[in-house]
Amino acid sequence: MVNVGIIGATGYAGAQLVYLLSNHSGVAITYLASHSYAGKKFSTVYPSMQGLCDLVLEEEDLQKASQRCSVLFLALPSPMASDLVSEEILNRCIVIDLGADFRLSDSLTYETWYKAKHGSKELLAKAVYGLCELNREKIQSASLIANPGCYTTCSILTLSPLVGENLIDRSTIIIDSASGVSGAGRAEKTASLFCECNESCKAYGVTTHRHTPEIEQELSRIAGETLLVQFTPHLVPMNRGILSTCYASLKKGVTEQQIEEAYRKWYGNEPFIRLMGSSLPETRFVKGTNSCAIGWVVDHRTNRVIAVGAIDNLMKGAAGQAVQNMNIRCNLGEQTGLVACVANPL
Ligand SMILES: NC(=O)C1=CN([C@@H]2O[C@H](COP(=O)(O)OP(=O)(O)OC[C@H]3O[C@@H](n4cnc5c(N)ncnc54)[C@H](OP(=O)(O)O)[C@@H]3O)[C@@H](O)[C@H]2O)C=CC1
Ligand SMILES: CC(=O)N[C@@H](CCC(=O)OP(=O)(O)O)C(=O)O
């Protein structure tokens, strides 16, 4: 059994992780920490977890946590993780950070987009970007895994085969992504109030959203050259789900068959990627699952490909992918604890 702990267990991402780890046959939860609820049972904060996880939440103490656990998950607001993690902690346990602090390899880019000071720049070179399907080999030996963001997971997975197989003009990528409200976390915010988001849909963070450099970093790595994307997130009135609609101009002469072959080549054997061709995915198809469903259509009038990806933001976009990362790193079987639900008929 692998001993695991979560700091930030009471947030939406952390709570989803507690749920997954409570049902995982290869791990034992030995430490849960909360900022506001220390001393209370986890199941008091999340009553649906009564009988499944009644552990008492502790004060955040990374030293104590790293002595008790061999894998430590952080699900904290940025830049808290960068202030907590150190070389000493990484020598004792594997850290999987669900936040953004170790995703961008350049600290200046981080500080510019996050408008925050990074607390452990010297560790950035150690961090492995934990997008499992694309970085599996590096994850196998990483001591610090940067779990990708929700919009980014969906957008990068959807676009990578088109970029990597050189099928599109890389300067023409536009991504419109929609998220459910749980993407904003559990902390009280006016923008997350029922009356502010129910029966409404809005674009936000236009030209400034901090997932833009993360998408650009990873797609540039795949392209072997720097590329920029136009990324616009939208808030929609649902609890969970991300839908990324990605547009790009096709290179001259690229056929639908080449696009299909690219997706099959990249993801044909991936257990958590569901290729749907022209039957486009919807967020409800992947709700509660660790799957990313991808479909695509070519518009012959404009010579553009429109590729659509769907994930559950709390699963493949956060906790599910964090468990997948742990499974890869600790040799637990990549699908362990994640296979119960791979698709939803409704
Ligand atoms: N929600 C999502 O869909 C996704 C979230 N993420 C990332 O995961 C991390 C956690 O997100 P999420 O669960 O949504 O956030 P929440 O706001 O729901 O939870 C934040 C967690 O951090 C704890 N915390 C500790 N210190 C502080 C502090 N000073 N201020 C506020 N909270 C504190 C909270 O404790 P307490 O509850 O005790 O106050 C809580 O457990 C973030 O970095 C986020 O960007 C990544 C992908 C998707
Ligand atoms: C709907 C909503 O508000 N979503 C969040 C993104 C959640 C996420 O993945 O953020 P991190 O990169 O910090 O992990 C946002 O736009 O800020």
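**Note on a predicted two-domain model with two ligands**

1. Between residues 3 and 142 the chain is 35% helix and 16% strand, and the C-alpha atoms at the two ends of this stretch are 17 Å apart; helices (H or I, at least four residues) and strands (E, at least two) are DSSP runs, numbered from the N terminus. In UniProt, an unreviewed entry lists residues 3-142 as "domain: Semialdehyde dehydrogenase NAD-binding", with positions given in the numbering used here, the feature name shortened, and the caveat that annotations may be inferred rather than shown by experiment.

2. This is a predicted model, in which local features need pLDDT of at least 70 and side-chain atom pairs count only at pLDDT 80 or more, while totals for chains, interfaces and linings use all residues. Residues are numbered from 1 along each chain as its sequence is written, and chains are lettered from A and ligands numbered from 1 in the order in which they are written.

3. The chain is divided into domain 1 (2-126) and domain 2 (151-311), with bounds that come from an automatic or database domain assignment. Their centres, taken over C-alpha atoms, are separated by 27 Å. Nine residues from domain 1 and seven residues from domain 2 make up the contact, where two residues are in contact if their C-beta atoms, placed from the backbone, lie within 7 Å. On the side of domain 1 that touches domain 2, helix α6 (residues 107-114) gives the most, with three residues. That side of domain 1 divides into five nonpolar, three polar and one charged residues; Ala, Val, Leu, Ile, Met, Phe, Trp, Tyr, Cys and Pro count as nonpolar, Asp, Glu, Lys and Arg as charged, and the others, Gly among them, as polar.

4. The first sheet is open and parallel, with six strands in the order β2-β1-β3-β4-β6-β5; two strands pair if DSSP finds at least two bridges between them. β2 (27-33) and β5 (128-129) stand at the edges with a single partner strand each, so one side of each is left without a neighbour in the sheet. Within this sheet, strand β4 (residues 94-97) and strand β6 (residues 144-146) run parallel and are joined by three bridges, and isoleucine 96 has isoleucine 145 in β6 as its bridge partner. Helix α13 lies across β3 (71-74), β4 and β6, at about 155° to β4; axes are lines fitted to C-alpha atoms, for helices over the stretch in contact, and angles run from 0 to 180 degrees between N-to-C directions.

5. The second sheet is also open, but its seven strands, in the order β8-β9-β7-β10-β13-β12-β11, have mixed pairing, and its edge strands, β8 (202-203) and β11 (273-277), pair on one side only. Strand β7 (residues 174-179) runs parallel to strand β9 (residues 230-235) over six bridges, with proline 233 in β9 as the bridge partner of serine 177. Six bridges also join β7 to strand β10 (residues 242-249), here in the antiparallel sense, and isoleucine 174 stands opposite tyrosine 247 in β10. Strands β12 (residues 292-299) and β13 (residues 304-311) are antiparallel over seven bridges. Helix α8 (residues 150-164) lies across β7, β9, β10, β11, β12 and β13, running at about 35° to β10.

6. Ligand 1 is surrounded by 30 residues, of which the closest are Gly11, His35, Gly99, Gly185 and Arg186; a residue is near a molecule or strand if its C-beta atom, placed from the backbone, lies within 6 Å of it. Two or more residues come from each of α1 (12-22) and α13 (315-329), and α1 supplies the largest share of the shell, three residues. By class the shell has 14 nonpolar, 15 polar and one charged residues. Both domain 1 and domain 2 give residues to this shell, so ligand 1 lies between them.

7. The residues around ligand 2 include Ser78, Gly99, Cys150, His211 and Pro233, and the shell divides into five nonpolar, six polar and no charged residues. Domain 1 and domain 2 each give at least three residues to the shell around ligand 2.

8. Two backbone features deserve a look. Most residues other than glycine have a negative phi, and most peptide bonds are trans. Serine 78 and proline 79 are joined by a cis peptide bond, with omega about 0°, and proline 79 lies in the loop between β3 and α4 (80-84). Lysine 115, in the loop between α6 and β5, has a positive phi near 50°.
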